[in-house]
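Me: Hi! Could you walk me through this one? I'd like to chat about how it is put together.

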Amino acid sequence: MSHGPRSGLYAVSSALLAMSRHLEVRDVLKTIVASARELLDAQYAALGVPDDHGGFAQFVVDGVSDAQWKAIGPLPRQHGILAAMLREARPERLADVREDPRFEGWPEAHPDMSDFLGLPIRDGDEIIGALFLANKLRPTEEHHPHPPGPGKDGACGFTEDDEELLTILAQHAAIALTNARLYERSRELTIAEERSRLAHELHDAVSQKLFSLRLTAQAAATLVDRDPSRAKGELQQVAALAAEATEELRAAVVELRPTALDEDGLVATLRTQIQVLDRAHTARVTFSSNGVRALPASQEEAMLRVSQEALHNALRHSGATRVAVILERRGPGAVLRVTDDGSGFDPTAIRSAGRHLGLVSMRDRASGVGGTLTVESAPGKGTMIEMEVPGG
């Protein structure tokens with residue numbers, strides 16, 4: 001078994017808990033690799049998720065700097081020992097990977113490696129990844145890696161105990177990775193459901209406006225000769241209805257295709273959407289922010305979606321005349337607050353299925369990124385929805 005500072009049951013338990021804590025696939029991969037390298041005292045660790053074209057869809061390394069990784073070049077292909085691990089689904093423990101007949105070399109900037117321990121990550125019969133470590137650190141050389149080469153008596157530095165521990169990690173890694181994939185899939189389905197809901201809302205709202213516009217235009221046409229004054233009023237109503245239909249359409253399109261958070265960030269995205277909603281509705285909708293820093297992508301997306309749901313409830317159902325959205329920094333994280341002066345409701349006795357599902361959705365989004373959601377409301381007292389996320 002490993003003799004490093006993090007060895008033992010506590011270290012293993014900490015690694016497994018860390019794996020299960022993340023929901024994003026990339027975060028899970030990084031946690032698995034870092035945990036494996038630390039627990040088994042290796043200089044390098046890597047994990048690759050194969051694609052269907054002989055390469056890797058994702059490849060995460062630990063122990064290699066960003067500059068080194070950039071210099072190495074494109075992601076590796078599934079050849080040599082990596083291919084054998086994926087094809088034959090068995091562990092590989094080698095004293096010197098460079099001496100193995102399957103070794104096919106590596107790019108010039110690639111670090112030199114000797115001791116090698118690798119094994120596939122399996123989900124049932126499916127191989128969903130390849131996890132491997134290189135250059136076992138001897139206890140006396142932990143801060144001064146040994147020159148690449150086989151250990152004492154030509155044996156591999158990684159032991160059978162190391163292989164057993166890595167097998168346990170791989171089994172839990174398979175569970176964590178599968179859960180992360182299911183989470184991302186469920187999020188895609190949630191987005192699809194939101195698009196469907198918005199499409200129905202768009203159809204209902206705009207269709208009603210266009211139907212009214214058509215009737216009003218017909219009325220204006222019949223009045224234009226015998227009552228020009230009334231016809232003028234009807235035409236003014238046509239213009240107003242057309243403007244409302246345009247704003248409904250614009251608001252729905254913004255919600256369907258929000259500004260890319262990766263490019264503009266949460267503050268700019270919220271500001272743009274709220275400006276459109278303010279124009280599209282009779283209620284006054286305002287936005288302010290204070291000292292908010294960039295957050296992890298999953299937290300920014302969750303905050304955006306919660307704000308959209310809260311604004312939808314306030315503008316469509318509460319009869320509010322004023323809605324305020326405030327985004328503030330709190331420690332390394334942030335707090336989103338949406339308040340309205342609408343009719344309010346009793347959060348403990350919700351009769352509206354739509355509103356109930358909206359609250360469930362918001363709570364799920366908040367908890368899904370490690371955040372919390374608070375709802376304060378009462379009949380006739382308006383509503384305040386607050387979401388806090390921890391940051392990165």
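Reply: Happy to! One term before we start: a residue is called buried when its relative accessible area is under 20%. Also, this is a predicted model.

Me: Good. What share of the protein chain is buried, then?
Reply: Of the 392 residues in the protein chain, 43% are buried. The chain exposes about 20,500 Å², and carbon and sulfur atoms supply 52% of that area.

Me: And how many helices and strands are there?
Reply: The protein chain has nine helices and 10 strands. As for contacts between residues at least 6 apart in sequence, 63% join residues at least 24 apart.

Me: Let's talk sheets. What is the strand order in the one with five strands?
Reply: That open sheet runs E6-E7-E8-E10-E9, and its pairing is mixed. Strands E6 (284–290) and E9 (372–377) are the edges, each pairing on one side only. On average, neighbouring strands are turned by 10° against each other, direction ignored.

Me: How do E7 and E8 pair, parallel or antiparallel?
Reply: Antiparallel: E7 (residues 322–330) and E8 (residues 333–340) are joined over eight bridges. Leu 327 stands opposite Leu 336 of E8.

Me: Which strands does H8 lie across?
Reply: Helix H8 (residues 297–317) lies across E6, E7, E8, E9 and E10 (383–389), and it runs at about 5° to E8.

Me: Nice. Now the largest nonpolar core: which residues have the most contacts inside it?
Reply: Met 303, Leu 327, Leu 336 and Met 387, in a core of 35 residues. At least two residues each come from H7 (261–280), E6, H8, E7, E8, H9 (353–368), E9 and E10. H8 gives the most, with eight residues.

Me: What does Met 303 touch?
Reply: Leaving out residues up to four places away in sequence, Met 303 touches Leu 266, Leu 295, Leu 327, Ala 334, Val 335, Leu 336, Met 387 and Val 389. Apart from this core lies another one of 30 residues, including Ala 36, Leu 131, Phe 158 and Ala 180.

Me: Ala 36 is in H2, right? Which residues of H2 are buried?
Reply: Yes, Ala 36 is one of them, along with Val 25, Val 28, Leu 29, Thr 31, Ile 32, Val 33, Ser 35 and Leu 39. In an α-helix there are 3.6 residues a turn, so residues three or four places apart point the same way.

Me: Why does the length of H2 make sense?
Reply: H2 (residues 25–39) has 15 residues, so at 1.5 Å a residue it should span 21 Å, and its end C-alpha atoms are indeed 21 Å apart.

Me: What comes just after H2?
Reply: Asp 41, which takes a positive phi of about 55°.

Conventions:
Residues are numbered from 1 along each chain as its sequence is written. This is a predicted model: local features need pLDDT of at least 70, side-chain atom pairs count only at pLDDT 80 or more; totals for chains, interfaces and linings use all residues. Side-chain values use heavy atoms; hydrogens and water are left out. Two strands pair if DSSP finds at least two bridges between them. Helices (H or I, at least four residues) and strands (E, at least two) are DSSP runs, numbered from the N terminus. Axes are lines fitted to C-alpha atoms, for helices over the stretch in contact, and angles run from 0 to 180 degrees between N-to-C directions. Contact means heavy atoms within 4.5 Å. Buried means under 20% relative accessible area, exposed over 50%, partly exposed in between (1.4 Å probe, protein chains only). Accessible areas come from the Shrake-Rupley method with a 1.4 Å probe; for residues, only the protein chains shown count as cover. The expected span of a helix is 1.5 Å times one less than its number of residues. A nonpolar core is a set of buried Ala, Val, Leu, Ile, Met, Phe, Trp, Tyr and Cys residues joined through side-chain atoms within 4.5 Å.
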